[in-house]
Every structure is written in C-alpha cells, then in structure tokens.
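Me: I have a model open and want to go through the contacts and a few local details. Can you take some quick questions?

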Amino acid sequence: MQPDLRKQLKVYNTLSRKKELFQAINPPFVGMYVCGPTVYGDAHLGHARPAITFDVIFRYFKHQDYKVRYVRNITDVGHLVGDADEGEDKIAKKAKLEQIEPMEVVQHYTDRYHRDMAALNVLPPSIEPRATGHIIEQIEMIEKIIESGYAYESNGSVYFDVVKYNEDKEYGALSGRNIDEMLEGTRNLDGVSDKKNQVDFALWKKAEPEHIMRWNSPWSDGFPGWHLECSAMSRKYLGDHFDIHGGGMDLKFPHHEAEIAQSHACNHVEPAKYWLHNNLITINGQKMGKSLGNFITLEELFEGKHELLEEAYSPMTIRFFILQAQYRSTLDFSNDALKAARKGYRKVMNGLRLAKSLEYKADDSIEVNEKQAKNIESIVNSIYRGMNDDFNTAVAMAGIFNLLKKINAVHSGNIPAAQLGEQAFNDMISNYITFIEDVLGLKEETPDHFFQALDYIIQDYSAAKEVRDYNKVDAIRAKLKDMGVVVKDTKTGVEWAYDEA
RNA sequence: GGUGCCAUGGCCGAGUGGCUAGGCAUCGGUCUGCAAAACCGCGUACGGCGGUUCGAAUCCGCCUGGCACCUCCA
C-alpha cells in the first residue's frame, strides 16, 4: 500500500446506508458536530461510547492532517420529560427536586461530565456551546422557518409543520420513517393540543406560570424546543452545510430527523454531508436505559460501586473495552469482558514502555530479513486499512497487538533489531506509539499500588540505615530524587514527599 | 403492528465469495533459582434448513432465537 492509500477513508453514512469515500467539503478543513449530553444527571457508560467514538474520529482526522473543528454541545434547556412536547423540562425538574437554580444543576453536571471525559482521555471539543447561550440564535432560526412557511404559531408556542414540510421535501429519510404511516392511528388532536398534527414538534414553547426557565420571544415568554439548539449551534459554528454530524443511534429519530427538517427549512440545504451513528451498549444483551434502571454511571464504574460490578474498572480499561469493538456494533457489557479488556490494556501499556525504551542497534554481522521488514509494513498497513474502513478500531487494535508481538520479540532478543533494518524498526516503534497515544487515545494510568511500592522502598531505606549501609542509603536517596521524590529523616521516622526544588 | 439490526470457537469481538483477525481463558513447549512477563505451538467457530456457485461464515429464500427504534434515553 502506498502512503497516499493510507488516506482513502470510508465512512458509513446513515443517510445513504452505505460506506462512502470521505471527501471533505472544504479541505483541509473538516467540520464535525456531535450531540453532547443533556446535563441533568451523571454521565453513564452510554455517554462514554459516543464521546470515545467521536474522540477517536476527531483524533484520526487530525492524524490525517485535516484541520478539524469539532463542536459538541451541552443541552441545558428544552429537553422535556415525557412525550410529545408535554411535561417538565428535565433540568427544571431536577432543580425543583434539589431546590437549586436550574443553572446550578447545569453547572454541576457539566463539571462532572468534563471530569469523567477527562478521565477517559477524551479531548475537549474545539467548541462546546450551550443551548441557553444561544437563545437569540434559536429565535432567529424560528423566525426564518416561519418565513419559509414551515412553522406556525399556536397559543404562544411555535411548531414545526412536518406534514407541510413533507409535501415539499422529504421527512424521515434518515431514520427510514414514513409520515403517512406515522399519521395513521394517531388520535385526532382537535382541542387536545396546540399542534395541528401529532408528528409536529415544538420549536418554541410558551412557559406555564410555574415554569422557571423562560426567555422573552416574539411569541411568548417561553423556552426553545429540544432539537432546535443543535440546528442553531451547528449553523452558527460550522455553517449551513458541514461535513459530519454524529451521535448515538437512538437520536436518529426524532432528534436528528427534526434537525435535518429545521435546518433545511431555514437554510434550504442539507445540513450535514455525512451522518455517523454509534451503536448502543447493552447489559446482559439488553439495552441500557433510564427506564430500565440498569444503567451504570462512569463514577460507579471507576469505583466499582454498583451491584452489577464485581470490581472497579479504570477509565482506560473502559476506553480499551469500547475500542475493541467497531462503533456501529452493539457492545455487550459484562464483568468478564471488562476483565479481559483490562488485561489487554495492560499488555499494550507494557509494550508502550518498551517501545519508548528500545533503541535500534546496527549490527553488520546480521543480514536484514526482508520478509520480517515487509511483515512490519503489512501490519502497519492493516492498522490504516482498519481505521480507513469506517474507523474500525477493532481491526486497528488487532494490528497493534501484532506490532506488540514484534516489539516484544525484539526486546527479548528473539528478533535482533538489525534483522528488521532501521526503517522497519522505526516504523514499528513510531506507529505503535502514535496509534496508541495519539489516535486511540490510550495512556498509562498510575497503578493503584504506586504508593505501596514507594512505602516498600522507604522501608528498605530505613533498614539500610539501621545497619549503617550508607552506600545503599545514598543510592536510594539519589534514585528517588531523580524521580521527584525526596526522603526525609524525621525524629519520628522516615517520610517521603514530592521534591519541591 | 410498522421499520430496521443481529446470531461467529469457553468468553469478548473483527471479517462480507477462496488467502492465520485480534484479545481474554485453557493446554503443550522455550526461557527461568522460583515465579511472572515474553516468545513458539495448539482450537478444522461461523443459529437451523434449502438454494446460487468450481468454491459461502460471507449472496438468495424460508425457519428459529435475540435486540433496537416507533415515548425519555448516548
């Protein structure tokens, strides 16, 4: 494979239901919008999947020298509990429950989301806009949609006229939904709702007197509908037409379908060129869901505090676990699967340390084995082939393990470095490190037992002191100093501290 | 009911017409004071029944089982 073939990226586009060659609208720039969380509760395993999936996509684009603007929003208004644009706002409900300001709820869970994402080594997006920070843009968009004739006001609320829109354009293309079928069997709404049709959705909702989250608008004191924030913010930061829109499979309908309709009605152009959807995580073969009560938060996972968990699993174990599957497949959670992931992760990290320490040793008495060198090249190509085939991290990981075998073999002397030749050796090392750290975003975690190990060394130090073995004492002291730790002999015993010099 | 998806060796999980995916576990070997790690070797897995084909896990049909969306969910 030639180096340029390593750039033939194919992505599965939900819109066409096919893998398509990725061609940036305006290279070398790539605009990507991904639906972030509604911040009314702690992030769970399900939030980790899209975050990690699109993080790797973000990283891979950068690795391929694209200039990426990655927008991932925070939804902090408009997402209602219950169905059909009725019911309380999720955030307002939580605020009432806790007797705090809605924005305190938002801040609290946004901070916690960031903390969990950082633990998972998910890079912050380029822009992370909030719905409440874009009320003006949303109102503006509603006005444009009304102008186009695809929305109507009713009792201070504004609804998107799905039936009218569908007469002129196509509604339901993304999720394979048919409007006529959806209309069948729905009850007559006369006098029941402000909507003309059940399939219509709110762009603006008039706030009831007791509703605490409200903004002034041309139609009423109220709040924007869920769906609109993503259309408004993607438009603002990425333009009317951008490269990629992503999110979880479950958002295809109605959220993304509504986004397409709104954006189209406003901008008269298809918002995203490629729609990417990650699949869901299941637990014992069943989807994780709020309503099923079987979801596990990331914090519970990291600390092992959940009845389904036999023990704690570290953030990198979770990341590794998620990357071992292709993002469009469901991924079944189990303790056994996570334990296996942890072992695999540690093996890869042991290799990472080796890779960083290995040096090429030229040796004229050893002939370069072309077969070995070619082998390295084909493994590296397999990693690219995997990533280019709709970000198949499972295949990329298989390649990583194949490289790891070679690295271990060189380290143990089974394969002399000189046999690979300098070029292949460097390819092996650099690709291993680059893919693990930069593309897959795996990093070393400080082992839980670091402090115990240090205590043990301190004990050894004390024992040496006891028998006046000052050569050893000085050696330990110097070694630890190099590592940023100083040993302190106090009246009450030996202590250690971080070197402040 | 409508619309989709999936069934791969002990477990997880790639693969979409012929060429060893990979990880974890197990077993045998090399190495080793012991151990661990590492390396080498070992698994004739593709839900069932038919069909297409020189050849199918991979295409088609039927059946069985499971899941998802259609309501909030990443």
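Reply: What follows is a short run through this predicted model, starting with the RNA.

Me: How many residues surround RNA strand B, and which are the closest?
Reply: There are 45 residues around RNA strand B, and His79, Lys90, Lys287, Lys343 and Val395 are the closest.

Me: Which part of the RNA do they face, backbone or bases?
Reply: Sugar or phosphate accounts for 81% of the atoms of RNA strand B within 4 Å of the protein, and bases for the rest.

Me: What does Lys90 touch there?
Reply: An N or O atom in the side chain of Lys90 is 2.2 Å from a sugar or linking oxygen of RNA strand B.

Me: And what about His47?
Reply: The side chain of His47 has an N or O atom 2.9 Å from a phosphate oxygen of RNA strand B.

Me: Which residue has a backbone atom by a base nitrogen?
Reply: That is Ile281, with a backbone N or O atom 3.0 Å from a base nitrogen of RNA strand B.

Me: Which element gives the most to that surface?
Reply: H13 does, with 7 residues near RNA strand B. Helix H13 covers 393–412. H1, strand E13 (331–333) and helix H11 (335–357) also supply at least two residues each.

Me: What is the mix by class?
Reply: The surface near RNA strand B has 18 polar, 16 nonpolar and 11 charged residues.

Me: New topic. Where is Gln64?
Reply: Gln64 is in the loop that runs between helix H1 (45–63) and strand E4 (67–72).

Me: Buried or exposed?
Reply: Buried, because the relative accessibility of Gln64 is 10% and the cut-off for buried is under 20%.

Me: What is it in contact with?
Reply: Outside its neighbours within four places in sequence, Gln64 contacts Arg6, Lys7, Tyr384 and Asn388.

Me: How many residues of H8 are buried?
Reply: In helix H8 (residues 252–267), 13 of the 16 residues are buried, so the helix is mostly covered.

Me: What comes after H8?
Reply: His268 follows H8 and has a positive phi, near 60°.

Me: Last one, E5 and E6. How many bridges join them?
Reply: Strand E5 (residues 151–154) and strand E6 (residues 157–160) are antiparallel and joined by 4 bridges. Phe160 in E6 is the bridge partner of Ala151.

Me: What about the turn in that hairpin?
Reply: The hairpin has 2 residues between the strands, and Asn155 takes a positive phi near 60°.

Note on methods: Residues are numbered from 1 along each chain as its sequence is written. Chains are lettered from A and ligands numbered from 1 in the order in which they are written. This is a predicted model: local features need pLDDT of at least 70, side-chain atom pairs count only at pLDDT 80 or more; totals for chains, interfaces and linings use all residues. Side-chain values use heavy atoms; hydrogens and water are left out. Two strands pair if DSSP finds at least two bridges between them. Buried means under 20% relative accessible area, exposed over 50%, partly exposed in between (1.4 Å probe, protein chains only). Contact means heavy atoms within 4.5 Å. A residue is near a molecule or strand if one of its heavy atoms lies within 4 Å of it. A polar contact is a pair of N or O atoms within 3.5 Å; within protein, one must be able to donate a hydrogen and the other to accept it, and residues adjacent in sequence count only if both atoms are side-chain atoms. Ala, Val, Leu, Ile, Met, Phe, Trp, Tyr, Cys and Pro count as nonpolar, Asp, Glu, Lys and Arg as charged, and the others, Gly among them, as polar.
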